[in-house]
Amino acid sequence: MNIVLCGTSFPDVAGYLKEALPSDFDANFVVWNGDLKDFPGRCDVMIPMMQRVDATLIDRAKPSLIQQWGSGLEGVDIAHAQRRGVAVANVAADGGNADSVAEHAILLTLALLRRLREAENNVHRGTWGAPVGVNLAGRSVCIYGLGAIALPLARRLKAFDVRLLGCTRDPKAEKVSAYGLDKCFAADQVEEALAETDILIVCLRQSQSNANAVGERELRALPKGALVVNVARGGLIDYAALSSCLADGHLGGVGLDVFWREPFDPSDPILNYSHVVATPHIAGITSSGMREIARGVADNIVRLVTGDLIENRAA
């Protein structure tokens, strides 16, 4: 079986997947550089590695399965795959992967509050005892999107003694209890929620209907000096609006693990701000998270061979 990794990002994927597949499984791994003229001749399973899988690529590759390494399928033309009879599947964003992303969201939050980039620079400059940071305890933190990642995040944040807010499409009382929220807002009350927020953590699942869900109006609803952390998808935050709010000092800091284009341009002006902390889409990239995703991907590849139903199938 030919398994094509589409793109050179996430270089450890092949090793984890080989480990998860049965020891006697006959698999040939090919890392494709993204140039269509260099696409390998035969492809049974395609795994996108930050490579958009559009109609042209699907028609060229003719895979039996497009299997996402993780949960996000916004880069796959699912409708075209369905027309071609190509199965498309992902791995649920829960368990170890959700735990990993939740911890990374807290890492970004703490890095912003303690002004980590400035602190590192001060070590090299020989400046000691600065900068002055801010405690997480006592801050109002709003989790926007109460799904699989938000639950372990909420549980960890409560240990920091924060005032915990949530914003979701369905703010039922059970959800308030399960997430330990001090207050829960409906999605159409997002500006009201943000007005009370010191730190906004975006955990929404991206869809066609919520692109740029956090735009100029939402960012300006935050109090001056508020922090924004995004561990969901880059397209959920309006790039121009975020740039504007950074440029005029409305935001006190931004933590990004996901971007509008990936890989992201390292010369982009957003990355030049000292109060922006950026990581290369690694929130879920821990040993436990990778092993769990690898098991889900490997199980679907084996199902493809045995003729069993593909799990978490989108098309």
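In which helix is asparagine 300 found? In this predicted model, asparagine 300 belongs to helix α11, which spans residues 287–306. Its relative accessibility is 1%, so asparagine 300 counts as buried, the cut-off for that class being under 20%. Beyond its neighbours within four places in sequence, asparagine 300 is in contact with Leu65, Gln67, Ala89, Asn90, Ile310 and Glu311.

From this single residue, attention may turn to the nonpolar interior. The largest nonpolar core has 33 residues, and Leu200 and Leu219 touch the most other members. Elements that each supply at least two residues of this core include the strands β6 (140–144), β7 (163–168) and β9 (199–202), together with the helices α8 (190–194) and α9 (216–221). Helix α10 (239–247) is also among these elements, and α10 gives the most to the core, with 4 residues. For leucine 219, the contacts outside its neighbours within four places in sequence are Val214, Val228, Ala241, Leu242, Cys245, His250 and Leu251. Apart from this core lies another, of 31 residues, with Ala111, Val141, Val162 and Leu181 among them.

The second largest pocket remains to be described. About 260 Å³ of space lies within this pocket, and 20 residues line it. Nearest its centre are Leu112, Leu113, Val134, Leu227 and Gly252. Two or more lining residues come from each of α4 (95–113), α5 (116–125), β10 (226–230) and β11 (251–256). Strands β10 and β11 also each supply at least two residues of the largest nonpolar core. By residue class, the pocket lining divides into 10 nonpolar, 5 polar and 5 charged residues.

Methods:
Residues are numbered from 1 along each chain as its sequence is written. This is a predicted model: local features need pLDDT of at least 70, side-chain atom pairs count only at pLDDT 80 or more; totals for chains, interfaces and linings use all residues. Side-chain values use heavy atoms; hydrogens and water are left out. Buried means under 20% relative accessible area, exposed over 50%, partly exposed in between (1.4 Å probe, protein chains only). Contact means heavy atoms within 4.5 Å. On a 1 Å grid over the protein atoms alone, a cavity is a set of points where a 1.4 Å probe fits but cannot get out, and a pocket is an open set with protein on both sides within 12 Å along at least five of seven lines; lining residues have an atom within 4 Å of a point. Grid points are joined across faces, edges and corners, and a volume is the space filled by probe spheres set on the points. Ala, Val, Leu, Ile, Met, Phe, Trp, Tyr, Cys and Pro count as nonpolar, Asp, Glu, Lys and Arg as charged, and the others, Gly among them, as polar. A nonpolar core is a set of buried Ala, Val, Leu, Ile, Met, Phe, Trp, Tyr and Cys residues joined through side-chain atoms within 4.5 Å.
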